[in-house]
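Got the viewer open? Let's take a walk through this one, stop by stop, picking something to select each time.

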Amino acid sequence: RRKFCKIRVFLLTNSFHDFRASSVRRSDCDRGLLTARFVHATQRLPFFPGERAPRIEAGMSDQQQPCSSRQATTTKQQESNQAKQERRKRRKRRLSMTKKESKGLNGAGGADAEDDKREAVNKFLEPLVKALRECEPGNEMQVFLDELQPSEANIELGLALVKRDLQRVLSFASNAAQIFEFGSVKSGLAMRDSDLDFYIHYQHEQREREDQIKMIHVVASRMDKTGLFGQIVKITGAKVPLLRAIHLSTNCCCDINFSNARGCYNSKFIKAVMQFDPRILHLAMIIKFWSKCAYVLDEKRQFNSYCLVMMLIFYLQTRKLPVIPSVEDMQQGIPRIEYGPWNLGYPQAITYKTWNENSLRDLLIGFFRYYSEFEFSRNLISPFVGRLCSLQELEKKNIRELAKYYRACEVDGYTPLMTGPWITIQDPFELNLNVARVMVTDKRFEQFRLSLQHGYDVCTKHREASFAKLLEALFTDTKQYTKAKPKPKPTSKQENGAQAGKKSETNGTAGKDAPKAPGQTWRFPPLENELFVVKQILLTRDPERKTVITEPRIRQLWSASVLEFMVDILRKLFMVELDPVEEEPQQGEKRPDKKNSWNF
């Protein structure tokens, strides 16, 4: 006890130079063992950054100390550091949203995401342009598809490898799983960089959202343990919770969900449409690749290729000589596939005699002309109806083809179709679903309109050129939308000068008819997860389900809650004085609601 007390006093006082090896008896402890213990203790002392650990004056120099203990300590430290780094990497991979996507959505890392996307597009664009320049006239589409689409054998091989490893991860002893692929791979519109979409159906189906999210966490942990998948991301805040991961053997990005069985029917329907007329497949592939080059489809995922395909089908239905019939006409004489009040049935082979013999070039130019002049804020895009209808007709229930939709909303209590905010594209089967609600920002919509208009200008400019030249110009000549920068604020001297000028003009008094300062109107569209939370609150308030919870009621409660929340933040956090607006309405306008209008 006496010898260890002396060492402990030395460590606490940091009196390195007063330490004497003679103070410890040689008979009590071997000098080498004592020095090793002392080295092990001093390595845990906190030294200043950049300061070297002091030498040991116990009869040995640093180089003469026992190497076994020093190496063991260094090895342990390296192992602990590696373990910490692995835990940090796993923590980063298990975030609910990737940093790349969050930066892109918030604008912080949007430039890097855009650069990565442009590099991916250029990887296919440069060899495609070279092949189009060298191809023979009349062989342009064959060259185009060979450059962009993988072969059927490669698709089947990749699917087999991914599904084999997925089966290992998803299989449970008491709950068998079935894997169904859908999306572009199933519809025939896959490109070399397309993702793989999978719907997982368990024997004991996961119907509740909470159960699906739990399953996502369980499967993600099993993926991490097996080492077959990497870059695992759990996206639980989306309307359809999904799990995104990279299959390491094939380097394919996989999107896995446990609830979207309807996507399988939609993909098979699109495949049937593509097989009906080869012109439709060629148009769809051209428009899909153009949308990637023209900043329409990007990493922010505010628009998708499914919306573009629905727009293409609707355009072909509304020609003077339709290329393809409406979905309602296709379902005549086909057995129903019940999905609530909706019919998911579709013909395996579309039998329709079309009198439209327009060339692929004319149909492509007509697509850009049609949608460059289309009034998205007033009209409905509905492949089920197959003709042009306005949103006003939809609200007044004057569209005869949608009689079953009106009945489902009125009698069965289903949520009506939520139009807007920019584009309204009705799903061809689930008629109360607007598939274009993913576009929520005005910048994306303006980019979409600009790309359509510029695409039509390019087609008009190269109308007389060869089809290969037209495709090359369409993919390479694009425009990116940029918001106009706000005007710089006037300096204090300019403001004082302007105020002095106003005072001199009005003799120091403001007239009664002086114009008011211009105001600003801000749009706050609700997010899907916010509406889901509000719906759960309403369900909790009414456990016996005495009243029907409709979408307008959910949105009304959301708007009131968000406004109160913003007012509290401005008052309590930023100390802003807020007063309700009590302005007299102009002629023909309603009186503003005091609860929803504030001055500050």
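What is the order of the strands in the open sheet of five? It goes β1-β2-β5-β4-β3, with mixed pairing. Here, strands (E, at least two residues) and helices (H or I, at least four) are DSSP runs numbered from the N terminus, and two strands pair if DSSP finds at least two bridges between them.

Before going on, a word on what you are looking at: this is a predicted model, where local features need pLDDT of at least 70 and side-chain atom pairs count only at pLDDT 80 or more, while totals for chains, interfaces and linings use all residues. Residues are numbered from 1 along each chain as its sequence is written, and side-chain values use heavy atoms, with hydrogens and water left out.

**Stop 1: the sheet**

Select 177–182 and 229–235. These are β1 and β3, the edge strands; each has a single partner strand, so one side of each is left without a neighbour in the sheet. On average, neighbouring strands here are turned by 25° against each other, direction ignored.

Now add 196–202, which is β2. It runs antiparallel to β1, and six bridges join the two. For one bridge, click F180: its partner in β2 is Y199.

Next, show 209–226. That's helix α9, which packs on the sheet and touches β2, β3, β4 (242–247) and β5 (252–257). Contact means heavy atoms within 4.5 Å. The direction of α9 makes about 165° with that of β3; such angles run from 0 to 180 degrees between N-to-C directions, with axes being lines fitted to C-alpha atoms, for helices over the stretch in contact.

While you're around β3, pick Q231, which lies in that strand. It has a positive phi of about 50° although it is not a glycine. Most residues other than glycine have a negative phi. Q231 is exposed, at 59% relative accessible area (exposed is over 50%, buried under 20%, partly exposed in between, with a 1.4 Å probe and protein chains only).

**Stop 2: the cysteines**

How many disulfides are there? Zero, taking a disulfide as a pair of cysteine sulfur atoms within 2.5 Å. Try C253: the closest cysteine sulfur to its own is in C254, 6.6 Å away, too far for a bond. C253 is buried at 16% relative accessibility, and C293 is buried at 0%.

**Stop 3: two packed helices**

Select 262–276 (α10) and 278–293 (α11), which pack at about 115° with their axes 4 Å apart. Show side chains for V273, M274 and F276 on α10, and P278, I280, L281 and A284 on α11; these make the contact.

**Stop 4: the cores**

Click Y371, I423 and F475. They have the most contacts inside the largest nonpolar core, which has 95 residues. A nonpolar core is a set of buried Ala, Val, Leu, Ile, Met, Phe, Trp, Tyr and Cys residues joined through side-chain atoms within 4.5 Å. Helix α12 (305–317) gives the most to this core, with ten residues. Apart from it lies another core of 27 residues, including V185, V219, C254 and I256.

**Stop 5: backbone oddities**

Find P421 in the loop between α16 (403–410) and α17 (442–461). The peptide bond from G420 to P421 is cis, with omega near 0°. Finish at K397, in the loop between α15 (391–396) and α16. K397 has a positive phi of about 60° although it is not a glycine, and it is partly exposed at 43% relative accessibility.
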